Amino acid sequence: MSDQPTSTTRPAGAPRVVLVDDHGLFRSGVRAELGTRVQVVGEAEDVAPAIELIGRTLPDVVLLDVHLPGGGGHAVITEVKRDHPDVKFLALSASDAPEDVIAVIRAGARGYVTKTISTAELADAIKRVADGDAVFSHRLAGFVLDAFASGPAPDDVKPSFDPELDQLTTREREVLRLIAQGYTYKEVARELFISGKTVESHVSSVLRKLQLSSRHQLTRWATERRLT
Amino acid sequence: MSDDPHWHGPGNHGPSHHGLGHHGPGWQGQPPRHGEVPDWVVHRARQWRQRGDGEPLRRHPDDRLFGGIAAGLGAWRGFSPTTVRIALAVAALISEGWAVPFYVLGWLLIPAKGDETTIVQRARHDSRGLVLALALASLLAVFLFLAGALNDAGLATFAWPQVFSIAGLTLIWRNAPEDERAAMHRLVKPLESLTASGAATSRRATRLRFAGAAVLLAVGLGWLFALHGGIYLLEPLGGFLFVAAGIVLLLGPWWLRIARDLLVERQARARAEERADIAARVHDSVLQTLALIQRRSADPQAVVQLARAQERELRSWLFEGRAPGDSGGSSFAEGIRQIQRGVEALHGVPVEVVTVGDCPLDEHLSALLAAAREATVNAAKWSGAAVISVFAEVEPDKVNITVRDRGKGFDPAAVPDDRKGVAESIRGRMSRHGGEAIVQSAPGEGTKVTLTMPRAAAGPAAQAAPAEGQRR
């Protein structure tokens, strides 16, 4: 979010990763699958141990389950960000509940992927996040489009803190739509005749809006979705 | 009737059957002895015995008003249940209510037909029930004590025996066999809805009820005072108030604890029921699917298909609160999910769906869905892609669906006739409803079908509203 010196000075080689997930089987599976593509420096299965471990090892990326006993993934992010704002989080979950996903993203995660993701894609996503980019799965793109499309209810219009933050540009919307359709960043770039870097910057700015926007209906939207 | 030795009760045992081992399993009667007693006594006794069904005394819960005792007595001694009931009612009146606790006692001590344990035997192990029975009885006693203070003697004489009845009934309520309890539940249900301010009754109804009760109480008290001649009635009441306060102080915490224990017990039961419900659902869906997967493990395609179908069902239950098998009404997003389910089940190709917004279905949107289904089925059948992406977005003025695959694609200029026909059916269907279909494809590039349908009149219920910027 802010210009952290460490985000650009990551030593070459495999990113250092901490796995936080309450399923031991899943952790060992991910660790085995990722193999040498990343360097797993620690595992935790609960909020408090995770915070301690991350503070001690200072990894490049924390692979974080959205659902954790003792507070959920966003609790870990909020706590760690206070002391170590440069640690990056990639949310990984089997959950489809938009409110959970939006909660971790708003807490500061750099992306969200579902657990059905392929190993190669996961390794790529980790690398992207380590490099400071945002990672949007097609599902997250759908959630975000949905959240920013649904306007406030008429009786619920509040003067916004910063209107710029409260809506997506046409271009950002186009990018999100293509991602939601299953396009890769590269394909998005080709489709829209823009460079890959531009796609990255659009996605990052969407993420920033998602995290900084004062639209309280973002949260309301997420809760409502659960009821539909 | 008694002059006719051949008369017999509803049990249909003829006198000729007597002594032939025709009696029920619980039959304890002794064979009539000759010699010591005069013959006519034996005859009389035999006759008396043969009036009933020859079975030992049992309650008949299937022909019951309360405990089935009247029906049981009737069958035992060969009267009609109605006669017994009237006799019992008269007895209750004459005995100033004392017949009621004895009835309850009978209910407790006489086993039901086809069941050899009495309720008392069961209640012996129900310590909580015993405590509760004592508590309720003492509560009623205190109440009657107060009523006695108001000199309402007529009420009190009939009510005092009920202190025992209520204790007995409590034990029966808690320890009766399952089917009897269900019957009692039906009996008390209207009463329950009066007293319990549960989820079924609204807050407003509760308030109304309390207001009504307050008015009635005030009127009733006023009436009583007027009847008994006014305020001097309160003079003895003062002393009784102290006694009552003392009793409440003494027993109050105990009553409270019992009430709390009951609440806890009820919550525990609710939790247990919830757990059982979840277990049942998991069994119905997940375990069944796992069993199927084990049996079809040789066919990876089928296994993937089963796992995906199960995953989707579980998700829609966990995250959308929809019960398995529940289609969830006729919204646009649900229509998309149905396409996903149908294509995955029929063609075994995973379909990734992202929907943005939702709206009710109309005839045009149904046509759009039909076209989208065609496009998805085409992709599943021809593209050879491992996965098909369906993206649907409901906008204020139109609805878009994109069906995309990364399969082998084709040259739109040189399509075989049969596929052209399908494409036409998509295009034709869309244009008939004022929509538009664009098919983009190239060999090796995959295929993308973009369907756009304008929305007739965006109702207020539509979820997708204009973006904020346009609104202001």
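Chain A contains eleven helices and six strands. The model is a predicted one. Of the 228 residues in chain A, 53% are buried. Among the contacts in this chain between residues at least 6 apart in sequence, 69% join residues at least 24 apart.

**Positive phi angles in chain A**

Most residues other than glycine have a negative phi. Leu58(A) is not a glycine, yet its phi is positive, at about 45°. Leu58(A) belongs to the loop between α3 (47-57) and β3 (61-65) of chain A. With a relative accessible area of 42%, Leu58(A) is partly exposed. A positive phi, of about 55°, is also found at Phe193(A), again not a glycine. The loop that holds Phe193(A) lies between α9 (185-192) and α10 (196-212) of chain A. Phe193(A) has a relative accessibility of 77%; because the cut-off for exposed is over 50%, Phe193(A) counts as exposed.

**The sheet of chain B**

Strands of a sheet pair through backbone hydrogen bonds, either parallel or antiparallel. In chain B, five strands form an open sheet with mixed pairing, in the order β1-β2-β3-β5-β4. Its edge strands are β1 (351-356) and β4 (436-442) of chain B, each of which pairs on one side only. On average, and with direction ignored, neighbouring strands of this sheet are turned by 10° against each other.

At one edge, β1(B) runs parallel to β2(B), and six bridges join the two strands. Within this pair, Val351(B) stands opposite Ile388(B) in β2(B). Although β1(B) is an edge strand, β1(B) is mostly covered, with five of its six residues buried.

At the other edge, β4(B) and strand β5 (residues 446-454) of chain B run antiparallel and are joined by seven bridges. Here Ala442(B) stands opposite Gly446(B) in β5(B).

**Helix α13 across the sheet**

Helix α13 (residues 363-383) of chain B lies across β1, β2 (388-394), β3 (398-405) and β5 of chain B. The helix runs at about 5° to β3(B).

Ser383(B) is found in helix α13 of chain B. The relative accessibility of Ser383(B) is 8%; since buried means under 20%, Ser383(B) counts as buried. When residues up to four places away in sequence are not counted, Ser383(B) touches Asn378(B), Asp405(B), Gly407(B) and Lys408(B). Ser383(B) is 63 residues from Gly446(B) in sequence, while their C-alpha atoms are 7.2 Å apart in space. Gly446(B) is the residue of β5(B) that stands opposite Ala442(B).

**Helix packing in chain B**

Two helix pairs of chain B are set out below.

| Helix pair | Angle | Axes | Handedness of crossing |
|---|---|---|---|
| α2(B) (residues 69-77) and α3(B) (residues 81-94) | about 120° | 8 Å apart | right-handed |
| α12(B) (residues 332-347) and α13(B) | roughly 25° | within 10 Å | right-handed |

Helix α2 of chain B packs against helix α3 of chain B at an angle of about 120°, which makes α2(B) oblique to α3(B). The crossing of these two helices is right-handed. On the side of α2(B), the contact is made by Ala70(B), Ala71(B), Leu73(B) and Gly74(B). Pro81(B), Val84(B), Arg85(B) and Leu88(B) contribute from α3(B). The residues of this contact comprise six nonpolar, one polar and one charged.

The axes of α12(B) and α13(B) cross at roughly 25°, and therefore α12(B) is roughly parallel to α13(B), angles under 35 degrees being counted in this way. The crossing of α12(B) and α13(B) is right-handed. From α12(B), the contact is formed by Phe332(B), Gly335(B), Ile336(B), Gln338(B), Ile339(B), Gly342(B), Val343(B) and His347(B). The residues of α13(B) that take part are Leu368(B), Leu369(B), Ala372(B), Arg373(B), Thr376(B), Val377(B), Ala380(B) and Lys381(B). By class, the residues of the contact of α12(B) with α13(B) divide into nine nonpolar, five polar and two charged. Helix α13(B) thus takes part in this helix contact and also lies across β1, β2, β3 and β5 of chain B.

Note on methods: Residues are numbered from 1 along each chain as its sequence is written. Chains are lettered from A and ligands numbered from 1 in the order in which they are written. This is a predicted model: local features need pLDDT of at least 70, side-chain atom pairs count only at pLDDT 80 or more; totals for chains, interfaces and linings use all residues. Side-chain values use heavy atoms; hydrogens and water are left out. Axes are lines fitted to C-alpha atoms, for helices over the stretch in contact, and angles run from 0 to 180 degrees between N-to-C directions. Helices (H or I, at least four residues) and strands (E, at least two) are DSSP runs, numbered from the N terminus. Angles under 35 degrees count as roughly parallel, over 145 as roughly antiparallel, 65 to 115 as roughly perpendicular and the rest as oblique. A crossing is left-handed if the near helix is turned anticlockwise from the far one by less than a right angle, and right-handed if clockwise. Contact means heavy atoms within 4.5 Å. Ala, Val, Leu, Ile, Met, Phe, Trp, Tyr, Cys and Pro count as nonpolar, Asp, Glu, Lys and Arg as charged, and the others, Gly among them, as polar. Two strands pair if DSSP finds at least two bridges between them. Buried means under 20% relative accessible area, exposed over 50%, partly exposed in between (1.4 Å probe, protein chains only).
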